[in-house]
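Work through the exercises below with the structure in view. Try each task before you read its solution.

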Amino acid sequence: MRTLRFFLVSLCALAFVLTAGAQQKNAAQDKPCSRGDYRLLDFWVGDWSLTWPDSPGTPAGNGTNKISRTLDNCVIQELFEADKPVSLHGMSLSTFDKATAKWKQTWVDNSGSYLDFVGDVHDDSAIFMRDAKDKDGNPIKQRMVYKNYNKDEFDWSWERSEDGGATWKVMWPIHYTRLSRAKVKEKEQGQKKAPWYKQW
């Protein structure tokens, strides 16, 4: 009788362990942002060196951008830094909106700008767009285009349309080059002060 009781208790314990393990595995797999459309911006994640030529939007310069996943991969966080020739520090948050099947991005920076975008991300490009007005109050369209991307580099451009999107003018083209771990460490050690986003 004791042997049967021990067998039954052991069987129940084994069933509990297996069920708990399966539930943990399913919980990990069922995180809403772990796959599919939520991972389409993964090409952007990492530490980047940025360079750009003279353009209508800004003079030639360089900067860095740190892109990371947060909130269980549901949000892509951008931390942008450029000090020469102009100082621009900013950040954005991007996420996939399942209800509209669109990406949404919000940008803020040290010039007081607030920009909100709606985007589509594909295997070979991504476009985030918004409606705006020029300095005279005329309606224009603005967009960011990510293209030519591979594991270690891609091109980004800030563009403007004054004819409802029929034609576009590139205002600010940026080339991204991925920083190696050694370069990231060297950059962090060489900073005289903490980055702006760590000074809060």
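**Exercise 1. Follow the path from strand 8 to strand 9 and back to strand 6.**

Step 1. Start with strand 8 (139-147) and strand 9 (153-161). Seven bridges join strand 8 to strand 9, and the two run antiparallel. Two strands count as paired if DSSP finds at least two bridges between them. Helices (H or I, at least four residues) and strands (E, at least two) are DSSP runs, numbered from the N terminus.

Step 2. Pick one pair: Val145 stands opposite Ser157 in strand 9.

Step 3. Look at the turn. Five residues lie between the strands in the hairpin of strand 8 and strand 9, where Asn148 takes a positive phi near 55°.

Step 4. Step back to strand 7. Nine bridges pair strand 7 with strand 8 in the antiparallel sense. Here Ile127 stands opposite Val145. The hairpin of strand 7 and strand 8 has five residues between the strands, and Gly137 takes a positive phi near 90°.

Step 5. Finish at strand 6. Four bridges join strand 6 to strand 7 (residues 125-133), again antiparallel. Asp120 has Ile127 as its bridge partner in strand 7.

A note on sources: this is a predicted model, in which local features need pLDDT of at least 70, side-chain atom pairs count only at pLDDT 80 or more, and totals for chains, interfaces and linings use all residues. Residues are numbered from 1 along each chain as its sequence is written, and side-chain values use heavy atoms, with hydrogens and water left out.

**Exercise 2. Place these strands in the whole chain.**

Step 1. Count the elements: the protein chain has two helices and ten strands.

Step 2. Read from the N terminus: α-β-β-β-β-β-β-β-β-β-β-α.

Step 3. Close the sheet. The ten strands form a barrel in the order 1-2-3-4-5-6-7-8-9-10, with antiparallel pairing. From one strand to the next, the twist averages 25°. Angles run from 0 to 180 degrees between N-to-C directions, with axes as lines fitted to C-alpha atoms, for helices over the stretch in contact.

**Exercise 3. Find the disulfide and say what it ties together.**

Step 1. Find the pair. A disulfide (a pair of cysteine sulfur atoms within 2.5 Å) joins Cys33 to Cys74, with S to S at 2.0 Å.

Step 2. Locate both ends. Cys33 lies in the loop between helix 1 (2-29) and strand 1 (46-52), and Cys74 in the loop between strand 2 (61-70) and strand 3 (75-84), so the link ties parts 41 residues apart in sequence.

Step 3. Give the hand: with 90° about the S-S bond, the link of Cys33 and Cys74 is right-handed.

Step 4. Buried or exposed? Cys33 and Cys74 are both buried. Buried means under 20% relative accessible area, exposed over 50%, partly exposed in between (1.4 Å probe, protein chains only).

**Exercise 4. Spot the unusual backbone angles.**

Step 1. Recall the background: most residues other than glycine have a negative phi, and most peptide bonds are trans.

Step 2. Check the loop between strand 2 and strand 3, where Leu71 is found. Leu71 is not a glycine, yet has a positive phi of about 55°. Leu71 counts as exposed, at 60% relative accessibility.

Step 3. Asn73 is in the loop between strand 2 and strand 3. Its phi is positive, near 70°. At 25% relative accessibility, Asn73 is partly exposed.

Step 4. Find the cis bond. The peptide bond from Lys84 to Pro85 is cis, with omega near 0°. Pro85 sits in the loop between strand 3 and strand 4 (88-97).
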